[in-house]
Amino acid sequence: MKIGINLLLWTGCFTKKTVKLIEKGRKLGFDGVELPVFAPQAVDVKATRKALADNGLRATACTIVVAGNMISPSARDRRLALDHLVRVLEVCKACGVECLAGPLFSPLGKFVGRGPNAAEWKRAVTGMRKPANRAESLDIHVGIEPLNRFETYFINICDDAIRMCREVGSPKVGILYDTFHANIEEKKPAEALKKIGKKWLKQVHTCENDRGIPGTGHVPWDATMRALKQMKYDRWVVIESFVPAIKELASAANIWRSLAKDGDDLARRGLRFLRRYIK
Ligand code: LER
Ligand code: MN
């Protein structure tokens, strides 16, 4: 396993202006960085590749639905969401990213006063086949991330993500397990992680139950790390925690309290904690 740091700790979006954060990741001791690719047109592919190579780091990426909606009855909304996802995949591949993950179906914070219905599920399965094919041809992994019910109503639990992966049926499409969301939605988070198993697990986000520094709260870290080791998981474990200074994130994920001195402090202390499990 390798440990990465999600750059959302320092910026709301990865662009040519934030390439220098890659060096920060290396200086803090991480093996890799996770790039929040929310605006693919703003990414400087050449500079990103160079910064990764110069710093000897590898990269994962995350994205969200910034336009349209893959589960919407509107064909235009579905196309916008799919075009964004395919474009992000292409930019990620060009930058050398190994896995792109996130809540890929509907926008963060969009609610309709009910849970997902059968028509939405079908649109999601049909929709995902297009980025899945592109991921196969590009040879890049994709992780579907279950989020807690206060951020999305579409895919909150690992069981639903597993069902989605089965129905999409691509070797490149699997699941991102986030300790923060699992702590809210799963009865037994480590059991849910085991159920995903090596077959579907593409990526892991580590975040404490209060969105703060991993190791300072009640996430079942011993059981989580044991499950990862038992299944011989050998991909990325990325710290994804937030600080209120990053306004876009603060408002999207309701980060109002400071849970660390600043982003650097959070990254340093989180990494020190995770290194107890991952050398
Ligand atoms: C959002 O809550 C989250 O966990 C992120 O991974 C979304 O990109
Ligand atoms: Mn996450």
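A crossing of two helices is called right-handed if the near helix is turned clockwise from the far one by less than a right angle. In this predicted model, helix H7 passes helix H8 in such a right-handed crossing. H7 covers residues 189-200 and H8 covers residues 221-230. Two packed helices are described by the angle between their axes and the distance between the axes. For H7 and H8 the angle is about 15 degrees, and the axes lie 9 Å apart. Because angles under 35 degrees count as roughly parallel, H7 and H8 are described as roughly parallel to each other. The contact involves Ala-190, Leu-193 and Lys-194 on the H7 side. On the H8 side, Ala-223, Thr-224, Ala-227, Leu-228 and Gln-230 take part.

A manganese ion (ligand 2) is bound by four protein residues, namely Glu-145, Asp-178, His-205 and Glu-240. The donor atoms are OE for Glu-145, OD for Asp-178, ND1 for His-205 and OE for Glu-240, at 2.0 to 2.3 Å from the ion. The site has six donor atoms, with angles of 71 to 169 degrees among them, and is octahedral. Ideal angles for six octahedral donors are 90 or 180 degrees. Along the sequence, the donor residues follow the spacing E-x32-D-x26-H-x34-E. His-205 belongs to strand E7 (residues 201-206), whereas Glu-240 is in the loop between strand E8 (236-239) and helix H9 (247-253), so this pair ties together parts that are 35 residues apart in sequence. Both residues of the pair are buried: His-205 has a relative accessible area of 0%, and Glu-240 has a relative accessibility of 6%.

Positive phi values occur in two loop residues that are not glycine. Asp-139 has a phi of about 60 degrees and is located in the loop between helix H4 (118-138) and strand E5 (141-144). With a relative accessibility of 48%, Asp-139 counts as partly exposed, because the exposed class begins over 50%. Asn-254 has a phi near 55 degrees; this residue lies in the loop between H9 and helix H10 (263-274).

A further pair of residues is Arg-166 and Trp-200. Arg-166 lies in helix H5 (residues 158-168) and is exposed, with a relative accessible area of 58%. Arg-166 and Trp-200 are separated by 34 residues in sequence, while their C-alpha atoms are 9.2 Å apart in space.

Terms used:
Residues are numbered from 1 along each chain as its sequence is written. Chains are lettered from A and ligands numbered from 1 in the order in which they are written. This is a predicted model: local features need pLDDT of at least 70, side-chain atom pairs count only at pLDDT 80 or more; totals for chains, interfaces and linings use all residues. Side-chain values use heavy atoms; hydrogens and water are left out. Donors are N, O and S atoms within 2.8 Å of the metal (3.2 Å for Na, K and Ca); water is not among the atoms, so sites may look incomplete. Four donors count as tetrahedral if all angles lie between 85 and 135 degrees; four count as square planar and six as octahedral if opposite donors are over 155 degrees apart and all others between 65 and 115; anything else is irregular. Helices (H or I, at least four residues) and strands (E, at least two) are DSSP runs, numbered from the N terminus. Buried means under 20% relative accessible area, exposed over 50%, partly exposed in between (1.4 Å probe, protein chains only). Axes are lines fitted to C-alpha atoms, for helices over the stretch in contact, and angles run from 0 to 180 degrees between N-to-C directions. Angles under 35 degrees count as roughly parallel, over 145 as roughly antiparallel, 65 to 115 as roughly perpendicular and the rest as oblique. Contact means heavy atoms within 4.5 Å.
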